[in-house]
Amino acid sequence: MVFFKKKEENYEPLEALIGGGDDYHIYRMSVTDRVTAGAIGAGIGGLVSWLFFKNIAVTAVAAAAVALLAQGIYRESRKKKRLKELLLQFKDLLESLTSSYATGKNTLDSFRDAWHDLEQIYGEQADITTELAIIVAGMESNINIEDLLTNFAQRSGLEDVASFADVFRVSLRQGANIQNIIASTRDVINDKIEIEMEIQTMIAGNKNELNIMMIMPLIILISLGGMGSDLTAASNTPVNVIIKLVALSMFYLAYYLGRKFTDIKV
């Protein structure tokens, strides 16, 4: 079973069965996040528009527009980063659970030990620490561990967590060896992360080439500006404005497609 966010206009965040767990489909930006996104967007938008049009009004409007557009892009980037970190933390959780089960501890004690272990590693504010606090509190309140894990999987949207929750549920019902199940899940996630890292290493050169290709038009414009302002390409005649807008659209489309092609998921 795989859990995905429903694409609805009025999306209602999922709640934890107990405590205050987050819905990881939603990333709430802090003031620092918004300022950072706005500054990056305004800087890029302002620089590009000035190099293309050399007009203060156009530059100001473009900087403001891109600053607003950057909010959503930055939010999505931060959300992906948070989920990636959560997956790595979940892998460490499986490591801790495997060790606890190997010593003969029961499920509650195993998750309680994992909670304390990961709190030492990641701190009290880490997502995995919060989730383990919810799971332990839930089990102490007689909520089934299967339901707690399933709820965690639904809120995170991570396929590996969802798969683990399903396998864990079936294993408990059929009396399977939980230690082996957890160890197998850990190995699968480790292999997945290693493969993803190898792929990222292989395509790192392509990503660098893409970034260089996007910067080259700006360098050419700077070079043209140093040759004199009476060049035809530097003027803002109606024809030139249309050509520049088309060129900017093509550059953006090329960059967007390039990022899509290099965003390989395992």
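Lysine 54 is partly exposed in this predicted model, with a relative accessible area of 41%, and its place is the loop between helix H1, residues 31-53, and helix H2, residues 56-102. Although lysine 54 is not a glycine, its phi is positive, at about 50°, and this residue comes just after H1.

A second residue can be described in the same terms. Asparagine 142, which is not a glycine either, has a positive phi of about 65°, and it lies in the loop between H4 and helix H5, residues 145-156. Asparagine 142 counts as exposed because its relative accessibility is 71%, where the cut-off for exposed is over 50%.

The table sets out the relative accessible area of three residues.

| Residue | Relative accessible area | Class |
|---|---|---|
| Lysine 54 | 41% | partly exposed |
| Asparagine 142 | 71% | exposed |
| Lysine 91 | 17% | buried |

Lysine 91, the last residue in the table, belongs to helix H2, and it counts as buried because its relative accessible area of 17% falls under the cut-off of 20%. Leaving aside residues up to four places away in sequence, lysine 91 touches Arg186, Ile189, Asn190 and Ile193. The C-alpha atom of lysine 91 is separated by 37 Å from that of leucine 253, a residue 162 places away along the chain.

Helix H1 can be checked for its length. Its 23 residues should span 33 Å at 1.5 Å a residue, and the C-alpha atoms at its two ends are 32 Å apart, so the expected and the modelled spans agree. Among the buried residues of H1 are Asp33, Ala37, Gly38, Gly41, Gly45 and Gly46, and further along the helix Val48, Ser49, Leu51, Phe52 and Phe53 are buried as well. In an α-helix there are 3.6 residues to a turn, so residues three or four places apart point the same way.

How do helices H3 and H4 pack against each other? Helix H3, residues 107-122, and helix H4, residues 127-140, meet at an angle of about 155°, and their axes are 9 Å apart. The two helices are therefore roughly antiparallel, since an angle over 145 degrees counts as such, and their crossing is left-handed. The contact involves residues of H3 including Leu108, Phe111, Trp115 and Tyr122, and residues of H4 including Ile128, Leu132, Val136 and Met139. Sorted by class, this contact between H3 and H4 has twelve nonpolar, two polar and three charged residues.

Conventions:
Residues numbered from 1 in each chain as written. Predicted model: local features only at pLDDT ≥ 70, side-chain atom pairs only at ≥ 80, totals over all residues. Heavy atoms only, no water. Axes fitted to C-alpha atoms, helices over the stretch in contact; angles between N-to-C directions. Helix = DSSP H or I, 4+ residues; strand = E, 2+ residues; numbered from the N terminus. Parallel < 35°, antiparallel > 145°, perpendicular 65-115°, else oblique. Left-handed = near helix turned anticlockwise from the far one by under 90°. Contact = heavy atoms within 4.5 Å. Nonpolar A, V, L, I, M, F, W, Y, C, P; charged D, E, K, R; others polar. Buried < 20%, exposed > 50% of the residue type's maximum accessible area, 1.4 Å probe, protein only. Expected span 1.5 Å × (residues − 1).
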